[in-house]
Amino acid sequence: MIDTASKVREHYTVTDLIDRIKAALETIAPEDQPLTVSQLAPIDHFHSRGILATTDLADAVGLSPTMRVLDLGCGIGGPARYFAETFGCTVVGVDLSPSFIDAATYLTARCGPSDRLTFQVGDALHTPLEAASFDVVFLHHVAMNIEDRVALYAEVRRVLKPKGRFAIHDIVLRDGDIVYPAPWARDASTSFLLREGETRATLEHAGFKVMHWSDDTKIALDWWKSTAANPPTNELNLSIVMGSDFPVKSGNLARNIRENRVGVLSAVCTLD
Ligand SMILES: C[S@@+](CC[C@H](N)C(=O)[O-])C[C@H]1O[C@@H](n2cnc3c(N)ncnc32)[C@H](O)[C@@H]1O
């Protein structure tokens, strides 16, 4: 039987990802030309509201240059590069998918700031990271793929310093069946959404205190609607990373939100 982590990894595997990214960048930044962190924003923040959600959550946490930050389920590293470049902090990105980590490393070598960023393959449920070694942990649209939330939040708690902060941006379950394929899962076998109340109760049970709790469902839906009405006019879009059926998956996510099947939550919790 195939385990859940392998199925999730397979869901996010795109063949020849770095070549696909290079081809998409050809018109704006060929290999021998400079590339900036902000130029990559259309393809490297894969969550509802893209970089807007990344900046809002970073502002809610309050990052500073002395901080050591962990981005769990970092994808190809867009949020991690944004945190390091904008706030000067040091960031470690961990992701289940080797092809995403390779792409994160390639893109960071091209546009930096590579001295403050490292990426490694790993499972968020049991990372090889040292205990009490991070000031902030981010989890942007990752928990949907993780069934054992108790173990996930325990691992976050383990790696956080005593006054550390945990920043979450999640899809949560509401009423009705989810329409698949969704961006995070082809079917229910790798989809593990909790309701908003269950999420909060599980976090509090793990020892986190909620500092900021926001229902972002409406702003996320408005963003998905405006993205659908104004599709990207160049090659630089999320289909490169999420596969050619991304328009179907993102359309289903917008439908799931519109029909109140799922909601979008952002939160910041602390251990102090
Ligand atoms: C929707 S993407 C979001 C990527 C990134 N956080 C972002 O917002 O740009 C979900 C990511 O979670 C990763 N992921 C899912 N389950 C994971 C696990 N158990 N451990 C580490 N990463 C995981 C996937 O490989 C994928 O990169």
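Where is the place of H141? Select H141 and you land in the loop between β4 and α7. Before going on, note that this is a predicted model, in which local features need pLDDT of at least 70, side-chain atom pairs count only at pLDDT 80 or more, and totals for chains, interfaces and linings use all residues. Residues are numbered from 1 along each chain as its sequence is written, and side-chain values use heavy atoms, with hydrogens and water left out.

**Stop 1: H141 and its backbone**

Stay on H141 and check its backbone: phi is positive, about 55°, although H141 is not a glycine. H141 has a relative accessibility of 10% and counts as buried. Here buried means under 20% relative accessible area, exposed means over 50%, and partly exposed is in between, using a 1.4 Å probe and protein chains only. The helix and strand names on this tour are DSSP runs, numbered from the N terminus: helices are H or I with at least four residues, strands are E with at least two.

**Stop 2: helix α7**

Now select residues 149-159, which form helix α7. Which residues of α7 are buried? They are R149, L152, Y153, E155, V156 and V159. Turn the view to look down the axis of α7: these buried residues fall within an arc of 155°, so they line one face of the helix. The arc is that of the directions from the helix axis to the C-beta atoms.

To see what covers that face, add β1 (68-72), β4 (134-140), β5 (160-173) and α8 (196-205), which are among the elements covering the buried residues of α7. Covering is judged by contact, meaning heavy atoms within 4.5 Å.

**Stop 3: V264 in strand β7**

Next, pick V264, which is found in strand β7. V264 has a relative accessibility of 2% and counts as buried. Not counting residues up to four places away in sequence, V264 touches S48, H141, H169, D170, I171, V172, S214, D215, D216, T217, A220 and I257. So H141 from the first stop comes back into view here, as one of the residues that V264 touches. For a distance check, try A185: it is 79 residues from V264 in sequence and 16 Å away in space, C-alpha to C-alpha.

Then step to N260, in the loop between α11 (246-258) and β7 (262-270). N260 also has a positive phi, near 60°, in a residue other than glycine. Is N260 buried or partly exposed? N260 is partly exposed, with a relative accessible area of 31%.

**Stop 4: helices α2 and α6**

Two packed helices are described by the angle between their axes and the distance between the axes. Select α2 (residues 17-25) and α6 (residues 98-111): their axes come within 9 Å and cross at roughly 40°. That makes α2 oblique to α6. The axes are lines fitted to C-alpha atoms, for helices over the stretch in contact, and angles run from 0 to 180 degrees between N-to-C directions. Angles under 35 degrees count as roughly parallel, over 145 as roughly antiparallel, 65 to 115 as roughly perpendicular and the rest as oblique.

Show side chains for the contact: α2 brings L17, I18, I21, K22 and L25, while α6 brings S99, F100, D102, A103, Y106, L107 and R110. These residues divide into eight nonpolar, one polar and three charged. In this scheme Ala, Val, Leu, Ile, Met, Phe, Trp, Tyr, Cys and Pro are nonpolar, Asp, Glu, Lys and Arg are charged, and the others, Gly among them, are polar.

Zoom in on K22 of α2. K22 is partly exposed, at 27% relative accessibility. Leaving aside its neighbours within four places in sequence, K22 is in contact with E31 and Y106.

**Stop 5: two cis prolines**

Find P113 in the loop between α6 and β3 (117-121). The peptide bond from G112 to P113 is cis, with omega near -5°. Then move to P181, in the loop between β5 and α8. The peptide bond from Y180 to P181 is cis too, with omega near 0°.

**Last stop: the cysteines**

How many disulfides does the structure hold? The structure holds zero disulfides, a disulfide being a pair of cysteine sulfur atoms within 2.5 Å. Select C74: its sulfur is 14 Å from the closest cysteine sulfur, in C111, too far for a bond. C74 is buried, with a relative accessible area of 4%. For C269, the closest cysteine sulfur is in C89, 19 Å away, again too far for a bond. C269 is buried, at 0% relative accessibility.
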